[in-house]
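Me: Could you walk me through how to read this structure, one feature at a time?

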Amino acid sequence: MILASVFDVLLIVAMLGLAVAAVGSRDLFRSVILFIVFGLLMALAWARLRAPDIALTEAALGAGLTGALLLHALRVLGSGKISLPGAGDGDKEKGS
Amino acid sequence: MSGRSRMSFRVIQRTALGAGIVALGLALGSAVLSISPEATGLARQVDGAMNVSGVAHPLTAVLLNFRGYDTLLEIGVLLVAVIAVWSLDYREEKRFHLQAPIHRSPVLRVGMGILLPVIFITAGYMVWAGSYRPGGAFQSGALLGAAGVTLISSGMLVAPFARGPLVRLFLAAGFLMFIGVAAGTVLFKGRLLWYPIEYAGLLILAIETLLAFSIGAALTVLFAGVAGFFGKGEERP
Amino acid sequence: MTVMHLFGLTGVALFCIGLFGVMTKPHLLKKLLSLNIASAGVFLLMVALASRGDRPDPVPHALVLTGIVISVSATAYAVGLAARLHRATGMVTLEVKPEDDA
């Protein structure tokens, strides 16, 4: 029981840390990779919540397909313009 | 407005937004904490109706039988998404080319040769297993979609996988089957998606098999359609 | 504090993190990624609620399962829209031109 709670807490801390890092990172490529890892941990969370069906789907879709889509998009969109001249703020995110 | 005051305005704006979201999180969190740990869901009702569902796995019973209407519409949404992505395409020649010379790599070819049969067998098993244990059309379709994405990413599935009639047939098969069964139940039983008990298991298995193909094809086509926008050298404006 | 509460609170936290990202990050792919994290939070809360009792409730599981497939297809469509926007304007954000919002 204690072991399970320790595992839960570790899993949750890792998930929250990955989510914050994926949203906060300035590097889009790093964001997408962190998001894929986050998706894989979500699959673990589903298994922990006794939802194996969702875990199976999440492992293939949430992490794999969404991540692959974003990675493909990044090749072109990652180097796109963030803001028009004059509307700039401190939020320059660089692509891969 | 000077650059400096614009900057500090943004900082204030950002802080206010952060505070608002933290407040929202605290409110939602206290709501979650106030939820009783006692089960109040529909697990008991589902258990009580399992003997008329035609399958032995509760989730499959809910997806394909008790809430079959939801799943029917969900497949419709998936088809609409495919049509929407197709309609975004600006190229004249509607083919998914992702020129990737990597398919000449022997390691990749052998690796895919080992991986793909395993994926297909697992996907087939998933549909079958769905009637009595975790598995079913969605998991199987997700696996098939993953196989399709792997094929496209590795450059093995290129021009032949266009919007041909075969792909369209795969895409529509699950939805058509589902609608056909729904129409049949309306005609013969008078209620939408009320399967006759003796055929329920068979009907669900048939729908699930075609659904798995359709979901896999839809996910592959969605990925190919969108990723095709980012391919190089095929643009014909 | 049960497992349900633990994962339910995680779902709320993920939702808030994603919401913050959607509202503050200018890059469209970043917005999409944040939106996916927020929806993962909602799914997590729903499944956490379903995990109460000795047998998990299959109805929220079915909703989340279809929801995951739908959110993937919506993400694909959104990426396609972003590609079209990038092609048409060279932009990867939704920021309006300075003369428009004056």
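Reply: Happily! A nonpolar core is a set of buried Ala, Val, Leu, Ile, Met, Phe, Trp, Tyr and Cys residues joined through C-beta atoms within 7 Å; buried means that 20 or more other C-beta atoms, placed from the backbone, lie within 10 Å of a residue's own. This is a predicted model, where local features need pLDDT of at least 70, side-chain atom pairs count only at pLDDT 80 or more, and totals for chains, interfaces and linings use all residues. Residues are numbered from 1 along each chain as its sequence is written, with chains lettered from A and ligands numbered from 1 in the order in which they are written.

Me: Which residues have the most contacts inside the largest nonpolar core?

Reply: They are B:Leu222, B:Phe223, B:Val226, C:Leu29 and C:Val47, in a core of 118 residues. Helix H8(B) gives the most to this core, 18 residues; helices here are DSSP runs (H or I, at least four residues) numbered from the N terminus.

Me: What is B:Phe223 in contact with, beyond its neighbours within four places in sequence?

Reply: Contact means C-beta atoms, placed from the backbone, within 7 Å. For B:Phe223 the partners include A:Leu65, B:Ile152 and C:Ala76.

Me: How many residues does each chain bring to the contact of chain C with chain A?

Reply: Chain C brings 43 and chain A 41. On the side of chain C that touches chain A, H3(C) gives the most, with 12 residues. That side divides into 28 nonpolar, 12 polar and 3 charged residues (nonpolar: Ala, Val, Leu, Ile, Met, Phe, Trp, Tyr, Cys and Pro; charged: Asp, Glu, Lys and Arg; polar: the others, Gly among them).

Key. Contact = placed C-beta atoms within 7 Å. Helix = DSSP H or I, 4+ residues; strand = E, 2+ residues; numbered from the N terminus. Buried ≥ 20, exposed ≤ 12 C-beta atoms within 10 Å, placed from the backbone.
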